[in-house]
Amino acid sequence: MKKVRENRNLIFTKAFESAEDNYIPDLDIPSSNLDDIIPKNLLRDNLPIPDVPEVEIVRHYTDLSQINYGVDSGIYPLGSCTMKYNPKINEKIVKLPGFSIIHPLQKKNEGAILLMEELSQLLHKITGMDAFTFSPAAGAHGELTGMFILKKFFEQNGNQKNKIIVPDSAHGTNPASAKMAGFSIIELNSNEHGEIPLEELEFAMQEGDVAGIMLTNPNTLGLFDRNILKITEIVHKYDGLCYYDGANLNPMLGICRPGDMGFDILHLNLHKTFSTPHGGGGPGSGPVGIKEGLIQFLPEPYFIGNEKIDKEKINISHSIGKMKSFWGNFGILVRAYAYIRALGKNGLSRVGKVSVLNANYLRKRLQEFYHLPYQRICQHEFVLSDKNFPNKITAEDIAKRILDYGIYAPTVYFPLIVDGALMIEPTETESKEALDYFAETMIRIYQETQNKPEFVHKAPHNTPVGRLDAVLAARKPVLKE
Amino acid sequence: MDYNIPKNLKYSPSHEWILIENEEGIIGITDYAQDQLGDIVYVEFPEVGEEFSNGESIAEIESVKAVEEFNIPVSGKIIEINDEINENPELVNESPYEKGWLARIKLANLSELENLLSSENYISQINKELED
């Protein structure tokens, strides 16, 4: 861990009175009196822009960058986020002038449009969906787009279905998106295997007012629902549609496709599954893919990925309307395209397999020490629990202590169906050495919880700031100094 | 089990309690629920005068760990909310049955009380949850 600078202040507090090195050239036009140009009530005496020499600014931001942590610094096992390494070649490609200095309103953009057409064809092969819109700016925006399509589909057919089934193992945004689109939510509790109880699903569908299901698969427990074909069959039997939350597609790449499992709509998180800088690093992209029968509802612009479909015959007279200006977050599409083309079919399926292997390797090593509520082979991630921890040690304590070892913490307290959850997703990026370092650190922390629980409870000790008072910050926030 | 589950209250399986006074009820979350949620930082209340049917979510309780819905244990109309909570959400943690009550309601249908749990039954439910 880097030595902490003691005088780390905001740049605004760093005014150097003697600094005259402010780079503003001498005036070479006649000067005017400010009062004559600007009304007095708009003038102020004090504008606290720091007057700092260039070298101090450079040091300030270099210092901040050094206390940052990203996947370029080390393993980033933030479950549900797929924090994989972003190959630098993607950045090189997206900065090519043909992609970076174009504008959507210029007359010729064939290269960019061709890239999106080809990307939709590649995503068709990967997911089995027929057409895509790249408008959604992130996963939840994709969910909302999908729910609008679903709603429009039933309205068009004169059908009053107004409920959506969301299992309790779904991403938290699923019920929020369905609700925003005007549906009410039926929550289904997972069974003891972390899967959908089929009888209850059928019972809910029989009511006749259920428009469909939103399924996160693998779910937030990192488990693949083994009844997935039966689930889509039941929903279709009662004229519902099946929505696939593809945020967790990583382990399935090149192995199996939601389109083949009977799903009608899905969204992808290009910014997770297909690299691209995400987290704090850049905008997202949550394309929505649909089966042929739903093309008429797509927002514009859209792309037909399935080349067997006759584009001439397409009519989108029932489009849900625009979801975002222009073409979506185009730079993310370029990176995802570059990633897919660089890996190819074999490379992608290796990504899927290694992400599962890495997660299971960690699961196996850690379950000897930590409580694993769902004892099964997992997919890309798994969830431990702080249950049975000695001395009232919590998931938060463990997460804070991990920071002391120079590792980013796993996701904590999600999913809600596991008490004191620690959700770990190593991704395929990590080497065995990196996985072992993480596992050994977690085991060491487990031993610390028994030998020196107070020390763990007060962690972190080596970070620039210690344990923050999250409760006070939430109860009495100071939003302005 | 170290939770305080008073005998004079009725309970819902989703960890709400109700104290009955004539046709009115005072509602809140149980000691077990506040402990599971952790430090509560905010409660979003319904409007006074709003009517809800039993099991509907009427408020959202936000803790440092999670945001949980608060379901009304029986159908009724909100006649008062506990304003104190806005300023001091920690009351729900410190005194879930007294200072940390959430709302006063006018019951729509007294017979719904029969579907609620007694303190004994509620204690066996949470014991089971703790075992799982």
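**Exercise 1.** Is helix α6(A) largely enclosed by the rest of the structure or largely open, and how many of its residues are buried?

*Solution.* The model is a predicted one. Step 1: a residue is taken as buried if 20 or more other C-beta atoms lie within 10 Å of its own. Step 2: under this criterion, 14 of the 18 residues of α6(A) are buried, so the helix is largely enclosed by the rest of the structure.

**Exercise 2.** Determine whether the end-to-end distance of α6(A) agrees with its expected span.

*Solution.* Step 1: α6 of chain A covers residues 139-156, which amounts to 18 residues. Step 2: the expected span is 1.5 Å times one less than the number of residues; for α6(A) this gives 26 Å. Step 3: the C-alpha atoms at the two ends are 26 Å apart, in agreement with the expectation. Step 4: just after the helix, A:Gly158 adopts a positive phi of about 65°.

**Exercise 3.** Establish the strand order of the eight-stranded open sheet of chain A, and locate α6(A) relative to that sheet.

*Solution.* Step 1: the order reads β3-β2-β4-β5-β6-β7-β1-β8, and the pairing is mixed. Step 2: β3 (184-188) and β8 (303-304) of chain A are the edge strands; each has a single partner strand, so one side of each lacks a neighbour in the sheet. Step 3: β3(A) pairs with β2(A), residues 163-167, in the parallel sense through five bridges. Within this pairing, A:Pro167 has A:Leu188 of β3(A) as its bridge partner. Step 4: α6(A) packs on the sheet, where it touches β1, β4, β5, β6 and β7 of chain A. The direction of α6(A) makes about 165° with that of β6(A).

**Exercise 4.** Characterise the contact between domain 2 and domain 3 of chain A.

*Solution.* Step 1: chain A is divided into domain 1 (11-66), domain 2 (88-340) and domain 3 (351-475). Step 2: the C-alpha centres of domains 2 and 3 of chain A lie 31 Å apart. Step 3: domain 2 contributes 17 residues to the contact and domain 3 contributes 15 residues. Step 4: the domain 2 side comprises eight nonpolar, eight polar and one charged residues.

**Exercise 5.** Describe how β6(B) pairs with β4(B) and with β7(B).

*Solution.* Step 1: β4(B), residues 40-44, and β6(B), residues 57-63, run antiparallel and are joined by four bridges. Here B:Ile40 stands opposite B:Ser63. Step 2: β6(B) also pairs with β7(B), residues 67-71, in the antiparallel sense over five bridges, with B:Glu69 as the bridge partner of B:Glu60. Step 3: β6(B) and β7(B) form a hairpin, with three residues between the strands.

Definitions and conventions:
Residues are numbered from 1 along each chain as its sequence is written. Chains are lettered from A and ligands numbered from 1 in the order in which they are written. This is a predicted model: local features need pLDDT of at least 70, side-chain atom pairs count only at pLDDT 80 or more; totals for chains, interfaces and linings use all residues. A residue is buried if 20 or more other C-beta atoms lie within 10 Å of its own, exposed if 12 or fewer, and partly exposed in between; C-beta atoms are placed from the backbone. Two strands pair if DSSP finds at least two bridges between them. Two residues are in contact if their C-beta atoms, placed from the backbone, lie within 7 Å. Axes are lines fitted to C-alpha atoms, for helices over the stretch in contact, and angles run from 0 to 180 degrees between N-to-C directions. Domain bounds come from an automatic or database domain assignment. Ala, Val, Leu, Ile, Met, Phe, Trp, Tyr, Cys and Pro count as nonpolar, Asp, Glu, Lys and Arg as charged, and the others, Gly among them, as polar.
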